[in-house]
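Subject: Structure handover and notes

Dear colleague,

I am passing the structure below to you, together with an account of what was found in it. Please read the notes with the coordinates open beside them.

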Amino acid sequence: VNTVRQVLACDRATIFIVDAMNNLLWSYNSVDGGKIRLPISTGIAGHSAVTGTTVNITDAYLDPRFNKSIDAGTGYKTVNLLTFPVKRDGEVVAVIQAVNKKVGCFTLQDEILISLMGKQIGIQLSHGLLYEKLQDAESRLQVLLEVSRNLLGCDATRNSNLSRIFEMVTQGAKTIMSCDRVSLFLLDKQMGVLHSQGTTSTGGLQTIKVPVGTGVAGMVAKTKQVINVPDTTCCSFWDRKTDDHTGYKTKSILAVPIVEDSGGQDDEVLGVIA
């Protein structure tokens, strides 16, 4: 935001993130750090997000698309503004809005500059938003971990149909996290191996074995730490063997240890959910 202000020589600048699922634009409040949420159909920023076009306005109050309520609520006076849609793969993911050029109005040169910055911001946002989604998924996964811990830790579970346990946990996790696949790995401490069930490329079931310390799940079992990988191609310890065997392509992964809470530092790892 500061770079946009400096390059365009304007008083204020805002980057609105597009939440297409909820038809919202959101940004951070520079005063308290809280999120500002606006309907995507609101104001010039919303127009730019919906139409995917740059909007350059010399007098905001003469444009019927301008949302005067924001100025009314803040006491700030918007005179002119330049709004640019940030796109990734043809889809608008954010909107940059520069407000009040310090000298004169925004020019064609400013439009070119903001488009160049928008391309770079789009690349950065795509990684940043993915990381934020994974962080949110991590929080929701904690709810499922308690269920998994209870299932894996009780005597009844040890005598139950293992396939049924896998199905209960993985289906619940997929619903909570809105992800494509979930794997539950059970730890065999004597063998130092994680066991799971996976689907083959033909739709059948197969047992997957992962040594502790190997791959993402194995590293989680070894370190007892959550591992969050936004891009598996950039992960040095990502093991492609499972994908090769199943024919599935893993792009990102969040893996969390299922630990028996004993109230101390030597909590026992029961498995991994990923």
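Lys101 has a relative accessibility of 17%, and because the cut-off for a buried residue is under 20%, Lys101 counts as buried. Please keep in mind throughout that this is a predicted model, and that the values below are computed from it.

The partner of Lys101 is Asp110, with which Lys101 forms a salt bridge whose closest N and O atoms are 3.1 Å apart. The pair also appears as a polar contact of 3.1 Å between the two side chains. Asp110 is found in helix α4, and at 4% relative accessibility Asp110 counts as buried, so both ends of this salt bridge are buried by the cut-off of under 20%. Leaving aside residues up to four places away in sequence, Asp110 touches Leu8, Leu82, Lys101 and Cys105. Of these, Leu8 is 102 residues from Asp110 along the chain, yet the C-alpha atoms of Asp110 and Leu8 are separated by 6.2 Å. Cys105, another of the residues that Asp110 touches, is partly exposed, with a relative accessible area of 34%.

How many salt bridges does the count come to? The count comes to two, and besides the one between Lys101 and Asp110 there is one between Asp63 and Arg65, where the closest N and O atoms are 2.8 Å apart. In this second pair the accessibilities fall in two classes, since Asp63, at 13%, counts as buried, whereas Arg65, at 32%, counts as partly exposed.

On the cysteines, the count of disulfides comes to zero. Cys10, at 1% relative accessibility, counts as buried, while Cys105, at 34%, is partly exposed.

Helix α4, which covers residues 108–153, also holds Leu108. Is Leu108 buried or exposed? At 61% relative accessibility, Leu108 counts as exposed; together with Ile112 and Leu116, Leu108 forms a nonpolar patch on the surface, and the accessible area of these three residues comes to about 320 Å² together. The spacing of such residues can be read against the geometry of a helix: an α-helix has 3.6 residues a turn, so residues three or four places apart point the same way.

Two further helices are described here by their buried residues. In helix α2, residues 43–51, the buried residues include Gly43, Ile44, Ala45, Gly46, Ser48 and Ala49, and just after α2 comes Gly52, which takes a positive phi of about 70 degrees. In helix α7, residues 215–223, the buried residues are Gly215, Val216, Ala217, Gly218, Val220 and Ala221, and α7 is followed by Lys224, whose phi is positive as well, near 60 degrees.

Thr232 deserves a separate note. Thr232 lies in the loop between β10 (227–229) and α8 (241–246), and at 3% relative accessibility Thr232 counts as buried. What lies 2.9 Å from a polar atom of the side chain of Thr232? The backbone oxygen of Thr250 is found at that distance. Thr250 is also among the residues that Thr232 touches when those up to four places away in sequence are not counted, the others being Trp238, Lys251, Ser252 and Ile253.

Finally, some totals for the chain as a whole. The secondary structure comes to eight helices and twelve strands, and of the 274 residues 41% count as buried. The accessible surface comes to about 15,600 Å², with 51% of that surface belonging to carbon and sulfur atoms. Among contacts between residues at least 6 apart in sequence, 50% join residues at least 24 apart.

With best regards

Methods:
Residues are numbered from 1 along each chain as its sequence is written. This is a predicted model: local features need pLDDT of at least 70, side-chain atom pairs count only at pLDDT 80 or more; totals for chains, interfaces and linings use all residues. Side-chain values use heavy atoms; hydrogens and water are left out. Helices (H or I, at least four residues) and strands (E, at least two) are DSSP runs, numbered from the N terminus. Buried means under 20% relative accessible area, exposed over 50%, partly exposed in between (1.4 Å probe, protein chains only). A polar contact is a pair of N or O atoms within 3.5 Å; within protein, one must be able to donate a hydrogen and the other to accept it, and residues adjacent in sequence count only if both atoms are side-chain atoms. Contact means heavy atoms within 4.5 Å. Patches are made of residues with over 30% relative accessible area and no salt bridge: like charges are joined within 9 Å, nonpolar side chains (Val, Leu, Ile, Met, Phe, Trp, Tyr) within 5 Å. Accessible areas come from the Shrake-Rupley method with a 1.4 Å probe; for residues, only the protein chains shown count as cover. A salt bridge is a side-chain nitrogen of Lys or Arg within 4 Å of a carboxyl oxygen of Asp or Glu. A disulfide is a pair of cysteine sulfur atoms within 2.5 Å.
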